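Reader: Before we begin, I would like each label you apply to this structure to be set against the rule behind it. Could you take me through your reasoning in that way?
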Amino acid sequence: MTPPLIELKDVTRYYGSGDTEVRALDGVSLTIETGEFVAIVGQSGSGKSTLMNMLGCLDRPTTGVYSIRGQNVSDLDPDGLAALRRQTFGFIFQRYNLLASVTASENVEIPAVYAGLKLSERREKAASLLAKLGLGERIYHKPGQLSGGQQQRVAVARALVNDAEVILADEPTGALDSGSSNDLLNLLEELHASGRTIILITHDQKVAARAKRVIEIRDGKIVSDSGNHQAAAEEVPQYRYDRKGPSALAQVVESVKMAFRSLRANLFRTALTLLGVVIGVSAVVAMLAIGEGSRADVMARFESMGPNLLFVRPGAPGTRMRGGAIATLTLEDAQALGELENILAAVPSRSTNATLRNGGKDYSSSIEGVSETWHIAQNRDMLYGTFFEKEDVDRRMGVVVLGTTTAGNLFDDIETAVGQYVFLGGAPFEVAGVLESKGATSWGQDQDDVALIPITTGMMRLFGQSYLSSITIAVDDTERIAETEAAAHALLLARHGTEDFQIRNTASILASVEETQNSFSILLGSVAAISLLVGGIGVMNIMLVSVSERTREIGVRMATGARRSDILTQFIVESLVVGGLGGIAGVAIGFGIVFILAQSGMSVAVTPLPAILAFSSALGTGLVFGLLPARQASRLDPVAALASE
Ligand code: ADP
Ligand code: MG
């Protein structure tokens, strides 16, 4: 003999304990066979809904055994129960429990989603069911646009979409007028005639009279049972779905769609939630582009100096130069340094701003007093003429080498400048040559706006001082630059008797620039992290609100076969979508800001890494801060969730 479809043995369900204990079901034993049409009647509070939740596997007995086709329900885990709900039962509730934000068709499709049916199949199925129930014209209406009777018919279609064997209806006519109520009962009779098992719960004797068997319940006990008077129906051929439910991919695709739908339903709230993430991400993208731009600038500036230079400045280490006023470096120091091993040139230098004059033309430029080895250290070639010679320096000659900008401002045709005289500080200087143009530095200083004269001449006629503002040493073999630096240091220390100078090399300057940039990056990173944290808390907050607002929806989904993992996935995906949207918007806005800054002449460097990082952190934020609300949603008790307002 095949075991009965439904068998309850001495089932109890108690709520609370001690004095407040309520025996909602108190020793119920009951057998229902396939194909029966059973009405369970009783007054309000008699335990009908508790019994129905028990039968539908939304709830478990406190004591006693509930078996479905001989399978003890207590032996099933939550996923097994979900599978049972999905495949065996179709629920119809008094309050319809449709999702308000989606169409009739989509409501009907929900159980089929969890059963893993493909979109086209379930859409077709929903359409044909709705058409059969007289709602062919209302497929794309939302519940709010339907009457109570129509909504209940949508709920019936939903109960049927997975070809449920057993229809569980809890006071399905409770909210309907008598006409719609009669229609619904006719519908249930038809379903019964087609071989389905119907369990109808009602407090109305007239409604109960439509069933083939009436069981009366009072205070959690069965007080009468008209008994099963029909021959056991033949097993209805059933199309069975995969017990495992939808594939992970289908689950995610569905969740993404649902996420967009629920976010769209709360557009303004979603936008506000996104704002935190958007600000964080766009700040990272924009600030890092600016930081990277300025870093590239500074680097280019130092790299253009070449890696083989040492800079000697007056003043003890740690003191800042104030306008070159510290008088410790002399021309003799430069000469002595020049005689050290591994040194190409030791160029003394001092500069001032002065006006050059040629006929009617005046031009104020930076006048640098240097030695004849300057062009070697700076690696500069001549456009016209030659650089001045050692002899010019030794004899304090009035010669000048012009940058192209300076030359262009003094001569109509700079080709003709060589050999002509310009006046500087009232004395004539012969133009020895014009430097090849080097253009502006990346921070905008024109490197051709110079005039170079022998340092000795400058000291005598222009600077009014015989101290240097710097000595630039060009090292021959850069491998040995540290050794050379040490030798230069030792030499100057011996000459001065005290450390009233400082020597730096390009590498150490680069290192300190790098260090500054790194702390800048850390600062930016913390700003970004904080705004993402704030954004994340916003996401979590909104997800928690969403879970509590949609408790009933979660209950409906669970009743129609959603597993815990389905609910978990849905809410995680939803908060990932929030994070992802925030990330995309943030990256777009960040790039927008960068673009505007670039247009306004600021140097920015756009690299993909910050954008990718910021976007991923936005996604990560969504994930991390969505976990808790999602877990909370998936742990909801289906009965309690369904009962929530
Ligand atoms: P019916 O559906 O027949 O109106 P219920 O099954 O909803 O009755 O309730 C049966 C009894 O169990 C009632 O006395 C009710 O107060 C109690 N009850 C139902 N659900 C709970 C619950 N979650 N906690 C405490 N008591 C409950
Ligand atoms: Mg009830």
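Author: I start with the lining of the largest cavity, whose residues divide into five nonpolar, three polar and three charged. The model is a predicted one.

Reader: Which residues make up that lining of the largest cavity?

Author: The largest cavity is lined by Arg 85, Arg 86, Phe 89, Gly 90, Phe 91, Pro 111, Arg 158, Ala 159, Asn 162, Ala 559 and Thr 560. Arg counts as charged and Gly as polar, whereas Phe, Pro and Ala count as nonpolar, and the division comes out as five nonpolar, three polar and three charged.

Reader: What makes α2, β6 and α5 the elements to name for this lining?

Author: Each of α2 (78-88), β6 (89-92) and α5 (148-160) supplies at least two residues of the lining of the largest cavity. The largest share, three residues, comes from β6.

Reader: How many cavities of 30 Å³ or more are there, and how much space lies in the largest cavity?

Author: The count comes to four cavities of 30 Å³ or more. The largest cavity holds about 70 Å³ of space, and the second largest about 50 Å³.

Reader: Which residues line the second largest cavity?

Author: That lining consists of Gly 149, Gln 152, Arg 153, Leu 176, Ser 180, Asp 183, Leu 184 and Leu 187. The elements that give two or more residues to the lining of the second largest cavity are α5 and α6 (178-193), and α6 provides the largest share, four residues. By class, this lining has three nonpolar, three polar and two charged residues.

Reader: Turning to ligand 1, which residues are around it?

Author: Around ligand 1 are Tyr 15, Val 22, Ala 24, Gln 43, Ser 44, Gly 45, Ser 46, Gly 47, Lys 48, Ser 49 and Thr 50. By class, the shell has three nonpolar, seven polar and one charged residues. Both β2 (22-32) and α1 (48-55) supply at least two residues of this shell, and the largest share, three residues, comes from α1.

Reader: What makes the approach of Thr 50 to ligand 1 a polar contact?

Author: An N or O atom in the side chain of Thr 50 is 2.5 Å from an oxygen atom of ligand 1, and the cut-off for a pair of N or O atoms is 3.5 Å, so the pair qualifies as a polar contact. The backbone also takes part in such pairs, with a backbone N or O atom of Gly 47 lying 3.0 Å from an oxygen atom of ligand 1, and a polar backbone atom of Lys 48 lying 2.9 Å from an oxygen atom of ligand 1. The protein covers 58% of the 560 Å² of accessible area that ligand 1 has on its own.

Reader: Why is the pairing of Asp 225 with Arg 213 called a salt bridge?

Author: The side chains of Asp 225 and Arg 213 meet at 2.8 Å, N to O, and the rule asks for a side-chain nitrogen of Lys or Arg within 4 Å of a carboxyl oxygen of Asp or Glu, so the pair is a salt bridge. The two residues are twelve apart in the chain, with Asp 225 in strand β10 (residues 221-225) and Arg 213 in strand β9 (residues 213-218). A search of the whole structure finds 30 salt bridges.

Reader: What is the phi of Asp 10, and what is that of Tyr 96?

Author: Most residues other than glycine have a negative phi. Asp 10, which is found in strand β1 (residues 6-15), has a positive phi near 50 degrees. Tyr 96, in the loop between β6 and α3 (104-114), has a positive phi near 65 degrees.

Note on methods: Residues are numbered from 1 along each chain as its sequence is written. Chains are lettered from A and ligands numbered from 1 in the order in which they are written. This is a predicted model: local features need pLDDT of at least 70, side-chain atom pairs count only at pLDDT 80 or more; totals for chains, interfaces and linings use all residues. Side-chain values use heavy atoms; hydrogens and water are left out. A residue is near a molecule or strand if one of its heavy atoms lies within 4 Å of it. A polar contact is a pair of N or O atoms within 3.5 Å; within protein, one must be able to donate a hydrogen and the other to accept it, and residues adjacent in sequence count only if both atoms are side-chain atoms. Accessible areas come from the Shrake-Rupley method with a 1.4 Å probe; for residues, only the protein chains shown count as cover. On a 1 Å grid over the protein atoms alone, a cavity is a set of points where a 1.4 Å probe fits but cannot get out, and a pocket is an open set with protein on both sides within 12 Å along at least five of seven lines; lining residues have an atom within 4 Å of a point. Grid points are joined across faces, edges and corners, and a volume is the space filled by probe spheres set on the points.
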